[in-house]
Amino acid sequence: MHEDVTADGRTPRAGVTADGRPARAGVTADGHTAREVASQPACWRRAGQLAADVAGSLPARGERVAVAGCGTSWFMAQSYAAAREACGHGETDAFAASEMPWERPYDRVVVLSRSGTTTEILRLLARLRGIVPTVAITTGAGTPVAQAAGEVIDLSFADEDSVVQTRFATTELALLRAHLGQDPGPAADAAERVLAAPLRPEMLAARQFTFLGSGWTYGLANEAALKLREAAGLWTEAYPAMEYRHGPVAVTGEGSIVWVFGPPPEGLAGEVAAAGGTAWFGDVDPLAELVRVHMLAVAAAHARGLDPDRPRNLTRSVILAPR
Ligand code: F1P
């Protein structure tokens with residue numbers, strides 16, 4: 001068991017009841033995933049405090065950087081890469097670890113892995129050894145990824161019992177954004193308000209979700225879609241916001257929600273309505289909006305008779321046989 005991080009020592013709230021109904025604020029939901037979802041604001045604040053201590057291990061302004069991960073960690077890599085470039089810190093590419101062109105020249109490679117045991121990350125680090133400085137953000141110095149990386153940032157305070165990642169991923173992104181000068185405090189405040197609010201009934205009733213984002217929120221859109229797939233087996237898709245009209249609109253219909261992280265493209269609400277769907281434009285910090293999706297993932301899993309702590313066909317880490 002990992003200790004839940006709470007700001008004030010109270011039992012965290014997840015905003016959903018154990019049987020999937022939207023909870024009134026203050027109702028506790030059981031399960032690792034629900035508890036970890038609820039502990040995110042405190043973790044983000046702690047990441048904000050840590051950022052200055054680990055600044056020397058993170059990419060310096062002007063460096064050409066690649067960031068790699070698998071699954072959720074890949075999507076956090078996408079968000080960070082876009083955020084870093086937007087802040088003017090330098091060219092930053094994000095890759096699924098298995099697809100990274102390791103011969104391409106970079107000043108530093110950042111790998112993200114909660115477990116520290118993911119095979120594709122270990123294979124990548126083996127390729128990069130002696131070629132480029134590497135830094136791993138993971139849950140402990142003892143993991144194989146930590147041992148293979150040049151430097152390690154230990155985020156074990158945000159480790160999780162769940163298979164499905166929530167707080168580790170958002171905490172590493174909060175840390176990386178803090179390093180770019182973006183204080184996680186306001187997002188944490190917003191996430192607390194999200195956690196205290198009930199979910200909308202049409203979200204729980206939806207049959208299909210299309211998540212959209214642009215810049216750093218495109219990675220969040222990918223992660224939101226993955227979360228509902230992993231925890232609740234739902235039909236979800238994710239695209240850069242302006243791509244919606246280039247095909248994805250075709251699946252919007254009754255029971256569809258088109259959920260936009262960040263500013264929506266002009267006219268999108270009318271187009272979604274004309275296609276028969278419901279548009280939802282996140283009105284809080286996008287990282288806090290992702291917490292709303294986490295809450296929905298837990299609630300939708302329960303509503304479909306699934307246990308979000310035991311996602312179908314998934315393991316906490318993908319460890320492949322040696323080749
Ligand atoms: C990444 C990951 C998870 C996914 C699944 C398998 O793990 O792909 O995102 O939900 O449980 O592992 P890690 O490298 O960050 O530990």
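Modeller: Ala, Val, Leu, Ile, Met, Phe, Trp, Tyr, Cys and Pro count as nonpolar, Asp, Glu, Lys and Arg as charged, and the others, Gly among them, as polar. This is a predicted model, in which local features need pLDDT of at least 70, side-chain atom pairs count only at pLDDT 80 or more, and totals for chains, interfaces and linings use all residues. Residues are numbered from 1 along each chain as its sequence is written, and side-chain values use heavy atoms, with hydrogens and water left out.

Biologist: How do the residues of the shell around the ligand divide?

Modeller: A residue is near the ligand if one of its heavy atoms lies within 4 Å of it. The ligand is surrounded by 14 residues, with Ser73, Ser115, Thr118, Glu230 and Thr315 the closest. By class, this shell divides into 3 nonpolar, 8 polar and 3 charged.

Biologist: Which residue has a polar side-chain atom 2.7 Å from an oxygen atom of the ligand?

Modeller: A polar contact is a pair of N or O atoms within 3.5 Å. Polar backbone atoms lie 2.9 Å from a ligand oxygen in the case of Arg114 and 2.7 Å in the case of Thr315. The residue with the polar side-chain atom at 2.7 Å from a ligand oxygen is Ser73.

Biologist: How much of the accessible area of the ligand does the protein cover?

Modeller: Accessible areas come from the Shrake-Rupley method with a 1.4 Å probe. On its own the ligand has 390 Å² of accessible area, and the share covered by the protein is 94%.

Terms used: Polar contact = N/O pair within 3.5 Å; in protein donor to acceptor, adjacent residues only side chain to side chain.
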